[in-house]
Amino acid sequence: MAKQENNGSMVTVGSRSLPLYTLVIGFLGLLNAILILTAIIIGIYCGKVSEESAPDQITAQGLIIEVNQLQIMQTEAVKAQKEAEQAVEKELREHQQLKLLLGLNKTLIDSIQRSLEVLQVERATLKSNSSDMRDSCGRCQSGWLLLNTSCYFHGKSASNPGRQNWQDSRSDCIRRGADLAVINSLEEQLNLFEFLPKMDPRIRPWWSTQGGFWIGLTDIQTEGQWVWVNNVPLQNPGYWIIGEPTKSQGTEQQHCVAFINLKNPRKTFFDDPCEQQREWLCKMEPKVSFLNSHVRLKTAYILIVKMDTENAGTFDGSYNKLIHQEDISGDELTLYSNQEQEQVSMSVLRPESSFKHYKRLTVSLAVLAVILLAVDIGLGVYYGKFTDGQDTIMDISAEVAKLQAAYDTAIWHRDEAKKQLASEIREQQITKWELDHQKSRSMDYLKLSDNILMEIAALKSHIPMIKEGCRHCLPGWTFMYSVCYYFAFSDAFSPRSWQEARQFCINQGGDLAVIDSREKHLAITELIKNYRVPSRPIAHSGFWIGLRDIEEEGIWKWLDGTRLTTGYWNDGEPNDSGGEDCAATYPRGNPFKAWNDAPCNHILKWICQMTPRSEG
């Protein structure tokens, strides 16, 4: 047990006596050494941190500037992204509306096409009925021609370019309820010559082709004895071409007769091997009753859909700024030290002067310890500030990285939206082109429908005239204003000169038309305009009429001898250019400018007229 002596200068520890100030001074010296070492270490770290702090400060300032710039750039990028996305949404809405219009137009076109098909069928039916009535007044089958009191069919074979042998041709006629044609009179011969297709006169010689039509005349039973298929022998000398018939020689047996249209109507027969491939002519008796065909006009109502598009709608977006909060906390380290102090007995070992000296030294060391402690604390605070600055730089760097990532993401979305916008604009342009194409098609279909409706109306208006003509006129003639007219519309009749056209009309019992009233002229002009072939030039679309100035130039007279009082000449006509002494009417839009004078040898279609034969 330590004991302290009364003078306080010595301390007895166990069996040893130690001076009190020596222990205090030693403790303070050790403490000061520790504080100095701590200050040196902190100073070294502060030096290193100080060397690094200058560029870190610059880095921190740069990072702050970069943060501000990135925030601005990100805001602009997000704004651009929103604008691009809004533009995409707008284009998508417009494209959707275009697709809707495209679908409606497709439905409309389908409807127009269906209506057009109905109209085409109706037009074909009306044309067929009109043709049947015009050709035979309904007394012959469809496709047959009525000449006087018999029906004729011009047969062709689809399997062998319109031709077959005599026996097969007869079989075809029998299948149709007829037989090969038997020509009983000169009148019938002349009618067939007029109405059957003519052979091209430029072909020489005429027998070098497979032209002509098989008729029902043979000498199969007895060579040289020609017999019709109704078992009636040929009564007259026949209408043989010069040099015909020829006698069969060797293996070439010429026992069947064909009819060919050359220049002379009385020379059309020739004999030929029955196995030869030719077209054929069937004949049968007409029906007793007329054909009454009633076709209902199916009017196609076309719904034109117009759709207004309206672009609306917005795209809302939001941008949340990144906010960095820095929480800095420090741990307070509290050092607690507890010492048990033993009661010692202090013994005075040295004089009073030594005691004062130790006391001053102890006080000095204690003050030095306090100063060193303050220095250590200051250095610690200083070092803490530097380390806090580095943490701040790290936090700013992290914020920069986040802002950069957000900016890059906004830029990527903006670019993707722009790509989508460009793609959508391209697709929308294609849809617009397709829509324009559909509109053009629908307009074409509507125009075609209007034209067909006009044709149907013309056919419907003509059919009553044909029916009336069947009561008063020959088959194929039209009854208007108490006169029978024949219009050479059929392609079977090639254009002819004025004199040839007149001869045709005379053969039918009439003459070229005399148009001596405004009403007749307007009706005839409207009719030929409705039947005009659009592809044929107007110069080749005229019809000869019974008007000429051949007796005296400039004095135009009708064939009945009456002088022309009111003409419907085209501008600048008549002009007698190159000896134009015959008149023709043309299907012009203005009916009061329909006539032209033309050379009489010019080839055109024609209009015949005759007085009605009966009243019904």
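Q: What counts as a disulfide here, and how many does this predicted model hold?
A: A disulfide is a pair of cysteine sulfur atoms within 2.5 Å. Going through this predicted model with that cut-off, the count comes to six disulfides.

Q: Let's start with one pair: is the disulfide of C140 and C151 left-handed or right-handed?
A: The sulfur atoms of C140 and C151 lie 1.8 Å apart, and the two residues form a disulfide. The torsion about their S-S bond is about -85 degrees. With that torsion, the disulfide of C140 and C151 is left-handed.

Q: How many residues apart in sequence are the parts that this pair ties together?
A: The torsion of about -85 degrees belongs to the bond between C140 and C151. C140 lies in the loop between α1 (20-136) and β4 (145-147), while C151 lies in strand β5 (residues 150-155). The pair therefore ties together parts whose separation in sequence is 11 residues.

Q: Are C140 and C151 buried or exposed?
A: A residue is called buried when its relative accessible area is under 20%. C140 has a relative accessibility of 3%, and C151 has 1%. C140 therefore counts as buried, and C151 likewise counts as buried.

Q: Which cysteine is joined to C173, and where does that partner lie?
A: A disulfide runs from C173 to a cysteine whose sulfur is 1.9 Å away, and that cysteine is C282. The pair links distant parts of the chain, 109 residues apart, with C173 in helix α2 (residues 166-175). The partner, C282, has its place in strand β11.

Q: What separates the C-alpha atoms of C282 and C173?
A: Along the chain, C282 and C173 are 109 residues apart. In the model, their C-alpha atoms are separated by 5.4 Å.

Q: Is the link of C173 and C282 left-handed or right-handed?
A: The value to look at is the torsion about the S-S bond, which is about -80 degrees for C173 and C282. This disulfide is therefore left-handed.

Q: Is C282 buried or exposed, and which residues does C282 touch?
A: C282 has a relative accessible area of 0%, so C282 is buried. Leaving aside residues up to four places away in sequence, C282 touches W144, C151, Y152, F153, D172, C173, A178, D179, L180 and A181.

Q: Is the link of C256 and C274 left-handed or right-handed?
A: C256 and C274 form a disulfide, with their sulfur atoms 1.9 Å apart. This pair links distant parts of the chain, 18 residues apart: C256 is in strand β9 and C274 is in the loop between β10 (269-272) and β11. At 0% relative accessibility C256 counts as buried, and at 13% C274 counts as buried too. With 95 degrees about the S-S bond, the link is right-handed.

Q: Which peptide bond is cis in the loop between β8 and β9, and what is its omega?
A: Most residues other than glycine have a negative phi, and most peptide bonds are trans. P245 lies in the loop between β8 (227-228) and β9 (256-259). The bond from E244 to P245 is cis, with omega near -5 degrees.

Q: Which residues does the other cis bond join, where P574 is found in a loop?
A: P574 is found in the loop between β16 (557-558) and β17 (582-585). Omega is about -5 degrees for the cis peptide bond that joins E573 and P574.

Q: What is the phi of N231?
A: N231 is found in the loop between β8 and β9. With a relative accessible area of 67%, N231 is exposed. N231 is not a glycine, yet its phi is positive, near 70 degrees.

Q: What is the phi of Y481?
A: Y481 lies in the loop between β12 (478-480) and β13 (483-487). Its relative accessible area is 48%, so Y481 is partly exposed. Y481 is not a glycine, and its positive phi is about 50 degrees.

Q: Which residues of α6 are buried?
A: Helix α6 (residues 518-530) has 13 residues and reaches 18 Å from its first C-alpha to its last, close to the 18 Å expected. Its buried residues are K520, H521, A523, I524, T525, L527 and I528.

Q: What accessible area does the nonpolar patch with V375 have?
A: V375 lies in helix α4 (residues 352-472) and, at 38% relative accessibility, counts as partly exposed. V375 forms a nonpolar surface patch with V363, V367, L368 and I371. Together their accessible area is about 380 Å².

Conventions. Residues numbered from 1 in each chain as written. Predicted model: local features only at pLDDT ≥ 70, side-chain atom pairs only at ≥ 80, totals over all residues. Heavy atoms only, no water. Patch = residues over 30% accessible without salt bridge, like charges linked within 9 Å, V, L, I, M, F, W, Y side chains within 5 Å. Areas by Shrake-Rupley, 256 points an atom, 1.4 Å probe, with all protein chains shown as cover. Salt bridge = Lys/Arg side-chain N within 4 Å of Asp/Glu carboxyl O. Helix = DSSP H or I, 4+ residues; strand = E, 2+ residues; numbered from the N terminus. Buried < 20%, exposed > 50% of the residue type's maximum accessible area, 1.4 Å probe, protein only. Expected span 1.5 Å × (residues − 1). Contact = heavy atoms within 4.5 Å.
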